[in-house]
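Welcome! Work through the short exercises below at your own pace, and try each one before reading its solution.

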Amino acid sequence: MTTTVTFTASTAGKEGRMEQTFTLEELNIDESGTRKEIANAIQNCFESWLRDSVSFSIVVDGMDVEVSGNQKE
């Protein structure tokens with residue numbers, strides 16, 4: 001049996017959902033590792049997938065502020 005992993009991310013709206021399924025082989029994860037090693041590898045792959053799959057921006061009009069909330073001097 002092939003092991004698969006499904007990554008899912010969503011926003012509050014119904015249309016804001018994405019999902020993708022991978023085999024461990026597609027993720028370049030060695031099934032002979034310990035469960036902890038496999039779990040860490042899956043977590044790293046998920047974080048990369050999320051960063052590569054989602055784009056976002058924050059635009060503030062009318063005030064000179066940085067996204068971090070620190071105002072420019």
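Helices, which are DSSP runs of H or I with at least four residues, are numbered from the N terminus. Keep in mind that this is a predicted model.

**Exercise 1.** Find the place of F56 and decide whether F56 is buried or exposed.

*Solution.* Start with α1, which covers 35-53. F56 lies in the segment after α1. Next, take the relative accessible area of F56, which is 72%. Exposed means over 50%, so F56 is exposed. Finally, look at its partners: F56 joins L50 and V54 in a nonpolar surface patch of about 300 Å².

**Exercise 2.** Work out which side chains meet in a salt bridge, and how exposed each one is.

*Solution.* First, the count: the structure holds one salt bridge. Its two side chains belong to R17 and E19, with 2.7 Å from N to O. This fits the cut-off, which is within 4 Å. Now compare each residue with the exposure limits. R17 has a relative accessible area of 52% and is therefore exposed. E19 has 48%, so E19 is partly exposed.

**Exercise 3.** List the residues of the largest nonpolar core, then explore the contacts of L24.

*Solution.* The largest nonpolar core has 10 residues: V5, F7, A9, F22, L24, L27, I29, I38, C45 and W49. Two elements, β1 (4-10) and α1 (35-53), each supply at least two residues of this core. Then turn to L24. Leaving aside residues up to four places away in sequence, L24 touches T3, V5, I29, E31 and I42. Among these contacts, V5 and I29 are also on the core list.

Notes. Residues are numbered from 1 along each chain as its sequence is written. This is a predicted model: local features need pLDDT of at least 70, side-chain atom pairs count only at pLDDT 80 or more; totals for chains, interfaces and linings use all residues. Side-chain values use heavy atoms; hydrogens and water are left out. Buried means under 20% relative accessible area, exposed over 50%, partly exposed in between (1.4 Å probe, protein chains only). A nonpolar core is a set of buried Ala, Val, Leu, Ile, Met, Phe, Trp, Tyr and Cys residues joined through side-chain atoms within 4.5 Å. Contact means heavy atoms within 4.5 Å. Patches are made of residues with over 30% relative accessible area and no salt bridge: like charges are joined within 9 Å, nonpolar side chains (Val, Leu, Ile, Met, Phe, Trp, Tyr) within 5 Å. Accessible areas come from the Shrake-Rupley method with a 1.4 Å probe; for residues, only the protein chains shown count as cover.
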